[in-house]
Amino acid sequence: MAEAEEKARKEALCCRFQETVSDYLIRHQSILDIISKLQESSSRINRALVKSVTTCGCIKIKAQKQKLPEDISLSEMKEHIDSHFLGRICRECEDVLEEEMGKNLFYLAALCNLLNLNMEEVMNREMGRISTLGIFTLR
Ligand SMILES: [Zn+2]
């Protein structure tokens, strides 16, 4: 029962979000504005993350070639792949990242609205693909 209520709550949130975006998207209703703002907002997420490294310093990126043992299975691979991410994001950087991610979701919802797609359905279909393919999604 609680699981069904949680599912209904999430669906309602997704629908309400799409409706809110529809109500408040005024200036950028052109498909050209929506897709370019969606891409810009994605870049701003990356920029905020970079600033967390280079300006704040709360996190570090230490990247190198992945070192994977040759005899591991696909399911064991996850345990051996390095994220190259060190530290913990601070509250200030988290606020900036959340804001940028919110804008990204806004324009994704706007694109869904324009194309008459339901975000909840998009998410459910993707979850179905992930569940069906499991580790073979290779993402
Ligand atoms: Zn920070």
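These legends accompany several close-up views of a predicted model.

**View A. Four cysteines hold the zinc ion.**
Start with the metal: its protein donors are the SG atoms of C56, C58, C90 and C93, and they lie 2.2 to 2.3 Å from the zinc ion. The site is tetrahedral, with angles of 105 to 116° among the four donor atoms. Read along the chain, the donors follow the spacing C-x1-C-x31-C-x2-C. C56 belongs to helix α2 (residues 31-56), while C90 sits in the loop between β2 (85-87) and α4 (91-114), so this pair ties together parts that are 34 residues apart in sequence. As you look at these two donors, note that C56 is partly exposed, at a relative accessible area of 42%, whereas C90 is buried, at 18%.

**View B. I89 sits in the loop between β2 and α4.**
This view is centred on I89, a partly exposed residue with a relative accessibility of 23%. Setting aside neighbours within four places in sequence, you will find I89 in contact with L49, S52, C58, I59, E94 and L97. One of these partners, C58, is also a donor to the zinc ion through its SG atom. For a distance to check on screen, try I89 and N46: their C-alpha atoms are separated by 14 Å, and the two residues are 43 places apart along the chain.

**View C. H84 is a buried residue in a loop.**
H84 is placed in the loop between α3 (74-80) and β2. Its relative accessibility is 16%, which counts as buried. Follow the side chain of H84 and you will arrive at the backbone oxygen of Q64, 3.0 Å away. Q64 is also among the residues that H84 touches, together with K60, I61, K62, A63 and Q66, when residues up to four places away in sequence are not counted. The backbone deserves a look too: H84 has a positive phi of about 65°, although it is not a glycine. For context, most residues other than glycine have a negative phi.

**View D. N116 also has a positive phi.**
The phi of N116 is about 60°, and N116 is not a glycine either. You can find N116 in the loop between α4 and α5 (119-133). Is N116 buried or exposed? N116 is exposed, with a relative accessible area of 71%. H84, by comparison, counts as buried.

**View E. Eleven residues make up the largest nonpolar core.**
The members to pick out are C14, V21, L25, I34, L38, Y107, A109, A110, L111, C112 and M119. Helices α1 (2-24), α2 and α4 each supply at least two of these residues. The largest share, five residues, comes from α4. M119 is a handy place to explore the packing: apart from residues up to four places away in sequence, M119 touches C14, F17, Q18, L105, L108, A109 and C112. Among those partners, C14, A109 and C112 are themselves members of the core.

**View F. C14 and C15 are not joined by a disulfide.**
How many disulfides does a search of the whole structure find? The search finds zero. A disulfide is a covalent bond between the sulfur atoms of two cysteines. In this view, the cysteine sulfur closest to that of C14 is in C15, at 6.4 Å, which is too far for a bond. Seen from the other side, C15 is in no disulfide, and its nearest cysteine sulfur is that of C14. C14 is buried, with a relative accessible area of 10%, but C15 is partly exposed, at 32%.

**View G. E100 is a buried residue of helix α4.**
E100 lies in helix α4. With a relative accessibility of 7%, E100 counts as buried. Leaving out neighbours within four places in sequence, the residues in contact with E100 are S41, R44, I45 and A48. Helix α4 also appears in View E, where it supplies five residues to the largest nonpolar core.

Key: Residues are numbered from 1 along each chain as its sequence is written. This is a predicted model: local features need pLDDT of at least 70, side-chain atom pairs count only at pLDDT 80 or more; totals for chains, interfaces and linings use all residues. Side-chain values use heavy atoms; hydrogens and water are left out. Donors are N, O and S atoms within 2.8 Å of the metal (3.2 Å for Na, K and Ca); water is not among the atoms, so sites may look incomplete. Four donors count as tetrahedral if all angles lie between 85 and 135 degrees; four count as square planar and six as octahedral if opposite donors are over 155 degrees apart and all others between 65 and 115; anything else is irregular. Helices (H or I, at least four residues) and strands (E, at least two) are DSSP runs, numbered from the N terminus. Buried means under 20% relative accessible area, exposed over 50%, partly exposed in between (1.4 Å probe, protein chains only). Contact means heavy atoms within 4.5 Å. A polar contact is a pair of N or O atoms within 3.5 Å; within protein, one must be able to donate a hydrogen and the other to accept it, and residues adjacent in sequence count only if both atoms are side-chain atoms. A nonpolar core is a set of buried Ala, Val, Leu, Ile, Met, Phe, Trp, Tyr and Cys residues joined through side-chain atoms within 4.5 Å. A disulfide is a pair of cysteine sulfur atoms within 2.5 Å.
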